[in-house]
Amino acid sequence: MPNNNVSAMDRGGLYELIASLYLQLPTIENVEQVSNALTNAKDIFHDIDFSKLIVEVKQRKEKLTKEPDYIEELEQEYYDHFLVPIANAYIPPYESFIRGAIKLAPGEGRKNKGGWKYNRSTVLLDYNVNLAYDSVGFQPQNMNIIKELKHQNKMDHLGFELAFMAFLCNMESQELFNEEQESDSESNIKNSVKWYNLQTQFLKEHLLSFINTYYKISIEKAKPFYRSLSELLNNYIDWDLKNR
């Protein structure tokens, strides 16, 4: 079980927050919500640096207050990063593409500008991720996500995998609550440990295998908000694994 005082509910809450930024278009309302949530998370996760992303969210919030139409620019920025492959900022948000991605030297790649060559052998890995979801009844298409993701077949989307971690943390938290309510708690203890172990397994087998590479690509290609987001995610995955 965790070697820190952060609860399963709080761990799940941060996974859910980060997942939402990969799965939902920015709106005036959720920019405000993200600002508040990051401030709260900073007070819980003392060893993780939230400062860069908080600054980026604050800038978004202040500009939206003065120019509500700025939301259209934020929406386009989201599309360019995650849904428009020809955009300069686009990074495929899928484990199977990023895992094993190769850094190209100048003179190679698109227009001989270097960059990254993404993995194209994706079927088996995507199948394994889907098996993990099915084993516990997790259905990402039923979440509040952008419509373009509702009917796609690839299940190894970064946002889906983070939402899955949130789901596992929340199930652990629920079992821990049940344990506290019942005097004969042996079965519930076993259940809470089961959910915790599933988190660790998924982190090691999937997220750990590509998040650092995704962050390195983001340093080169992403706009400041999404670069700061990937840095926070990289640090959070590292923190979560080290504290298990």
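**Entry 1. Helices 6 and 8**

I began with a pair of helices and noted that helix 6 passes helix 8 in a left-handed crossing. The model is a predicted one. Helix 6 covers residues 123-136 and helix 8 covers residues 158-181. I read an angle of about 30 degrees between them, with the axes 12 Å apart. Angles under 35 degrees count as roughly parallel, and helix 6 and helix 8 are therefore roughly parallel to each other.

I then looked up which residues form the contact. Helix 6 contributes Val 129, Ala 132, Tyr 133 and Val 136, which meet Phe 160, Glu 161, Phe 164, Phe 167 and Leu 168 of helix 8. Sorted by class, this contact of helix 6 with helix 8 holds eight nonpolar residues, one charged residue and no polar ones.

**Entry 2. His 206**

I turned to the loop between helix 9 (186-205) and helix 10, where His 206 lies. Is His 206 buried or exposed? Its relative accessibility is 6%, so I recorded His 206 as buried. Leaving out residues up to four places away in sequence, I found His 206 touching Glu 95, Arg 99, Leu 125, Val 129 and Glu 161. Two of these names I had already met in the first entry: Val 129 in helix 6 and Glu 161 in helix 8.

**Entry 3. Helices 10 and 11**

I next examined helix 10 (residues 211-221) and helix 11 (residues 224-242), which pack at about 155 degrees with their axes 9 Å apart. That angle makes helix 10 roughly antiparallel to helix 11. Their crossing is left-handed.

On the helix 10 side I listed Ile 211, Asn 212, Tyr 214, Tyr 215, Ser 218 and Ile 219; these meet Arg 227, Ser 230, Glu 231, Leu 233, Asn 234 and Ile 237 in helix 11. The contact of helix 10 with helix 11 divides into six nonpolar, four polar and two charged residues.

I also asked which residues of helix 10 are buried. They are Ile 211, Thr 213, Tyr 214, Tyr 215, Ile 217 and Ser 218. What do these buried residues of helix 10 pack against? I noted helix 1 (8-23), helix 4 (70-82), helix 5 (95-98), strand 2 (115-117), helix 8 and helix 11.

**Entry 4. The largest nonpolar core**

The largest nonpolar core has 62 residues, and those touching the most other members are Tyr 15, Ile 18, Tyr 22, Phe 45, Leu 158, Leu 162 and Leu 207. Helix 8 gives the most to this core, with 10 residues.

I followed two of these members further. Not counting residues up to four places away in sequence, Leu 162 touches Tyr 15, Ile 18, Ala 19, Tyr 22, Leu 207 and Leu 233. Tyr 22 is found in helix 1, and I recorded it as buried because its relative accessible area is 1%. Beyond its neighbours within four places in sequence, Tyr 22 has contacts that include Tyr 78, Phe 82, Leu 158, Leu 162, Tyr 214 and Leu 233. Tyr 22 and Phe 160 stand 138 residues apart in sequence, yet 8.7 Å apart in space from C-alpha to C-alpha.

**Entry 5. A separate core and Leu 74**

Apart from the largest core lies another, of five residues, among them Val 31, Leu 64, Ile 71 and Leu 74. I chose Leu 74, which is found in helix 4. Leu 74 is buried, with a relative accessible area of 1%. With neighbours within four places in sequence set aside, Leu 74 is in contact with Pro 26, Val 31, Arg 60 and Leu 64. Leu 74 and Ala 222 are 148 residues apart in sequence and 13 Å apart in space, C-alpha to C-alpha.

Notes
Residues are numbered from 1 along each chain as its sequence is written. This is a predicted model: local features need pLDDT of at least 70, side-chain atom pairs count only at pLDDT 80 or more; totals for chains, interfaces and linings use all residues. Side-chain values use heavy atoms; hydrogens and water are left out. Axes are lines fitted to C-alpha atoms, for helices over the stretch in contact, and angles run from 0 to 180 degrees between N-to-C directions. Helices (H or I, at least four residues) and strands (E, at least two) are DSSP runs, numbered from the N terminus. Angles under 35 degrees count as roughly parallel, over 145 as roughly antiparallel, 65 to 115 as roughly perpendicular and the rest as oblique. A crossing is left-handed if the near helix is turned anticlockwise from the far one by less than a right angle, and right-handed if clockwise. Contact means heavy atoms within 4.5 Å. Ala, Val, Leu, Ile, Met, Phe, Trp, Tyr, Cys and Pro count as nonpolar, Asp, Glu, Lys and Arg as charged, and the others, Gly among them, as polar. A nonpolar core is a set of buried Ala, Val, Leu, Ile, Met, Phe, Trp, Tyr and Cys residues joined through side-chain atoms within 4.5 Å. Buried means under 20% relative accessible area, exposed over 50%, partly exposed in between (1.4 Å probe, protein chains only).
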